[in-house]
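Student: I've got a protein model open and I'd like to learn how to read it. Can we go through it together?

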Amino acid sequence: MSQWDKLVAAILARDKSLRFEDLAKALTRMGYEMSQPRGGSSHHTFRKPVCTPITIPKHQPLNRAYIDLVSEAVKRYLEE
């Protein structure tokens, strides 16, 4: 099983140990572009044409809601 497959499996399982870097890696691999925060904010926004932007804070541990957002994006990506 490749690293990508392991990461996708962890995201779809909504693993609580996922870090910001893991979600960022998955989103950029799926074609999202990351925007760096300005003015001291810790929230990074990921954008992709025809998709809803996803904003994730660079905190540890991540709130489950952000993992759920990325999980839904991965499901849509795998269906394509």
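**Reading helix contacts and a sheet**

Tutor: Let's begin where two helices touch: Leu 23, Leu 27 and Arg 29 of helix 2 meet Tyr 66, Ile 67, Val 70, Ala 73 and Tyr 77 of helix 3. Sorted by class, that contact has seven nonpolar, no polar and one charged residues. Keep in mind that this is a predicted model.

Student: How much confidence does the predictor have in it? What does the chain average for pLDDT?

Tutor: The chain averages a pLDDT of 92, and 100% of the residues score at least 70. Among the elements, helix 2 has the highest mean, 95, and helix 3 the lowest, 93.

Student: Back to the two helices. At what angle do the axes of helix 2 and helix 3 cross?

Tutor: Roughly 25 degrees, and the axes come within 11 Å. Angles under 35 degrees count as roughly parallel, which makes helix 2 roughly parallel to helix 3. Their crossing is left-handed.

Student: And helix 1? How does it pack with helix 2?

Tutor: Helix 1 and helix 2 pack at about 110 degrees, with their axes 11 Å apart. The range from 65 to 115 degrees counts as roughly perpendicular, so that is the word for helix 1 and helix 2. This crossing is left-handed too.

Student: Which residues in helix 1 and helix 2 meet?

Tutor: On the helix 1 side, look for Trp 4, Leu 7 and Ile 11; on the helix 2 side, find Asp 22, Leu 23, Lys 25, Ala 26 and Arg 29. Here the classes come out as five nonpolar, no polar and three charged residues.

Student: That leaves one helix pair. Are helix 1 and helix 3 oblique or roughly parallel to each other?

Tutor: Helix 1, residues 3–12, packs against helix 3 at about 125 degrees, with the axes 8 Å apart. Helix 1 and helix 3 are therefore oblique to each other. Once more, the crossing is left-handed. Helix 1 brings Trp 4, Val 8, Ile 11 and Leu 12 to this contact, while helix 3 brings Ile 67, Val 70, Ser 71, Val 74, Lys 75, Tyr 77 and Leu 78. The tally is nine nonpolar, one polar and one charged residues.

Student: Now the strands. What holds a sheet together, as a general idea?

Tutor: Strands of a sheet pair through backbone hydrogen bonds, and the pairing can be parallel or antiparallel. In this model, three strands form an open sheet in the order 1-2-3, with antiparallel pairing.

Student: Why is one side of strand 1 and of strand 3 left without a neighbour in the sheet?

Tutor: Because strand 1 (33–35) and strand 3 (54–57) stand at the edges, and each has a single partner strand. Neighbouring strands are turned by 30 degrees against each other on average, ignoring direction.

Student: Can you zoom in on one pair? How many bridges join strand 1 and strand 2?

Tutor: Three bridges, with strand 2 covering residues 43–47. For a spot to click on, Met 34 stands opposite Phe 46 in strand 2.

Student: Last one: where do the helices sit on the sheet?

Tutor: Helix 2, residues 20–29, packs on the sheet and touches strand 1, strand 2 and strand 3; its direction makes about 160 degrees with that of strand 3. Helix 3, residues 64–79, lies across strand 2 and strand 3 and runs at about 145 degrees to strand 3.

Note on methods
Residues numbered from 1 in each chain as written. Predicted model: local features only at pLDDT ≥ 70, side-chain atom pairs only at ≥ 80, totals over all residues. Heavy atoms only, no water. Pairing = 2+ DSSP bridges. Helix = DSSP H or I, 4+ residues; strand = E, 2+ residues; numbered from the N terminus. Axes fitted to C-alpha atoms, helices over the stretch in contact; angles between N-to-C directions. Contact = heavy atoms within 4.5 Å. pLDDT = per-residue confidence, 0-100. Parallel < 35°, antiparallel > 145°, perpendicular 65-115°, else oblique. Left-handed = near helix turned anticlockwise from the far one by under 90°. Nonpolar A, V, L, I, M, F, W, Y, C, P; charged D, E, K, R; others polar.
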